[in-house]
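Work through the exercises below with the sequence and the model open. Try each task before reading its solution.

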Amino acid sequence: MNAISEQLGAYTPLIINVSKAILFLVVGYIVAGMVARFIRNRITPLEKVDDTLGNFAASMARWAILTIVVIAVLQLFGFQATSLVAVLGAASLAIGLALQGTLSDVASGVMLIIFRPYKLGDYVNVGGTSGTVQSVDLFVTYMVTPDNVQIIMPNSKAWGSIITNYSAQTTRRVDLTFGIDYSNSADKAMQIILDLANADMRVQKVPEPWVAVTNLGDSSVDITTRLWCDAADYWALKFDMLKAVKEAFDEQGIDIPYPHTQIISVNRNEKDEA
């Protein structure tokens with residue numbers, strides 16, 4: 001029993017330190033989350049501050065607190081902060097090479113916050129991936145697609161790609177092209193489209209609706225219209241105009257060409273006589 005007690009006594013400091021380390025990590029994790037939420041809730045309501053900045057600042061604070069907690073835990077096991085700094089300094093090159101992707105994500109996140117090519121709620125296309133921006137974190141950007149699929153993109157990829165922001169401007173232009181048969185009147189079709197555009201309250205008067213013949217195709221005369229509207233009305237106006245023009249063409253006898261397949265049947269007896 002004495003031997004067992006002596007062995008347990010030898011491990012007592014280690015057990016105490018492990019218990020402290022677990023406690024520090026748990027408390028530190030909770031505190032980091034609370035501080036991040038506090039910063040986000042304080043910055044987000046400010047009218048002059050972008051919501052993206054609030055999320056990014058909260059993320060930075062969270063990771064800073066977690067880093068301090070990890071250093072404190074290491075000190076419990078005999079690692080001094082000064083020694084850690086010296087070791088990190090000596091191994092900075094190796095660490096930089098090993099974490100170059102992560103460091104690049106952090107640097108790119110800072111650039112995204114400074115230049116703000118997009119903000120929370122914007123619908124964007126980043127390097128061929130489209131979605132609505134949900135959050136810009138210290139390392140990644142979170143987006144969600146129209147069919148509610150989450151996309152997590154590293155900040156370095158986002159910053160290094162072509163960014164198309166469909167929400168950056170308050171207005172957008174709807175471009176639609178309709179093909180009519182060569183036997184129909186182009187002027188009549190253009191007037192139908194123009195009347196429908198002018199009747200729709202979502203279509204802005206300045207710039208005024210534009211309609212013109214833009215191409216003479218193999219089987220159709222192509223008429224293009226360009227309509228300006230509020231960005232929020234873009235898709236609804238586009239779909240409604242497609243439907244309205246189709247129905248108006250049907251009522252006014254304007255034909256929309258479509259591919260036809262003609263099958264010629266040859267009677268074998270007639271073929272032999274020939």
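**Exercise 1. Place N148 in the chain, then state whether N148 is buried or exposed.**

Solution.
- Step 1: Find the flanking elements. In this predicted model, N148 sits in the loop that links β3 (140-144) to β4 (150-154).
- Step 2: Check the backbone. N148 has a phi near 65 degrees, which is positive although the residue is not a glycine.
- Step 3: Judge the exposure. The relative accessibility of N148 is 65%. Exposed means over 50%, so N148 counts as exposed.

**Exercise 2. Carry out the steps of Exercise 1 for R116.**

Solution.
- Step 1: R116 belongs to the loop between α5 (100-115) and β1 (123-126).
- Step 2: Phi of R116 is about 45 degrees, again a positive value in a residue other than glycine.
- Step 3: The relative accessible area of R116 is 46%. Partly exposed covers values between 20% and 50%, so R116 is partly exposed.

**Exercise 3. Which peptide bond from V206 is cis, and in which loop does P207 lie?**

Solution.
- Step 1: Read omega. For the bond from V206 to P207, omega is near -5 degrees. That bond is cis.
- Step 2: Locate the proline. P207 falls in the loop between α7 (186-199) and β7.

**Exercise 4. Describe the surroundings of N198.**

Solution.
- Step 1: Assign the element. N198 is part of helix α7.
- Step 2: Judge the exposure. With a relative accessible area of 37%, N198 is partly exposed.
- Step 3: List the contacts. Set aside the neighbours within four places in sequence; N198 then touches K205 and P209.
- Step 4: Take a distance. From C-alpha to C-alpha, N198 and L227 are 9.7 Å apart. In sequence, 29 residues separate N198 and L227.

**Exercise 5. Work out the strand order of the open sheet that contains β6, β7 and β8, and explain why β6 and β7 each have one side without a neighbour.**

Solution.
- Step 1: Recall the principle. Strands in a sheet pair by backbone hydrogen bonds, in a parallel or antiparallel manner.
- Step 2: Write the order. Three strands line up as β6-β8-β7, with antiparallel pairing.
- Step 3: Identify the edges. β6 (171-180) and β7 (210-216) each have a single partner strand, so one side of each lacks a neighbour in the sheet.
- Step 4: Add the twist. On average, neighbouring strands here are turned by 25 degrees against each other, direction ignored.
- Step 5: Inspect one pair. β7 and β8 (residues 221-230) are joined over six bridges in the antiparallel sense. One bridge links N215 to D222 of β8.
- Step 6: Add the covering helix. Helix α8 (residues 234-252) lies across β6 and β8. The angle between α8 and β6 is about 25 degrees.

**Exercise 6. Summarise the whole chain and say where confidence is lowest and highest.**

Solution.
- Step 1: Count the elements. The protein chain holds nine helices and eight strands.
- Step 2: Assess burial and surface. Of the 274 residues, 28% are buried. The accessible surface is about 17900 Å², and carbon and sulfur atoms account for 60% of that area.
- Step 3: Look at contact range. Consider contacts between residues at least 6 apart in sequence: 62% of these join residues at least 24 apart.
- Step 4: Read the confidence. Mean pLDDT is 83, and 78% of the residues reach 70 or more. Helix α4 (residues 92-98) is lowest, with a mean of 56, while β8 is highest at 97.

Key: Residues are numbered from 1 along each chain as its sequence is written. This is a predicted model: local features need pLDDT of at least 70, side-chain atom pairs count only at pLDDT 80 or more; totals for chains, interfaces and linings use all residues. Side-chain values use heavy atoms; hydrogens and water are left out. Two strands pair if DSSP finds at least two bridges between them. Helices (H or I, at least four residues) and strands (E, at least two) are DSSP runs, numbered from the N terminus. Axes are lines fitted to C-alpha atoms, for helices over the stretch in contact, and angles run from 0 to 180 degrees between N-to-C directions. Contact means heavy atoms within 4.5 Å. pLDDT is the predictor's confidence in each residue, from 0 to 100. Buried means under 20% relative accessible area, exposed over 50%, partly exposed in between (1.4 Å probe, protein chains only). Accessible areas come from the Shrake-Rupley method with a 1.4 Å probe; for residues, only the protein chains shown count as cover.
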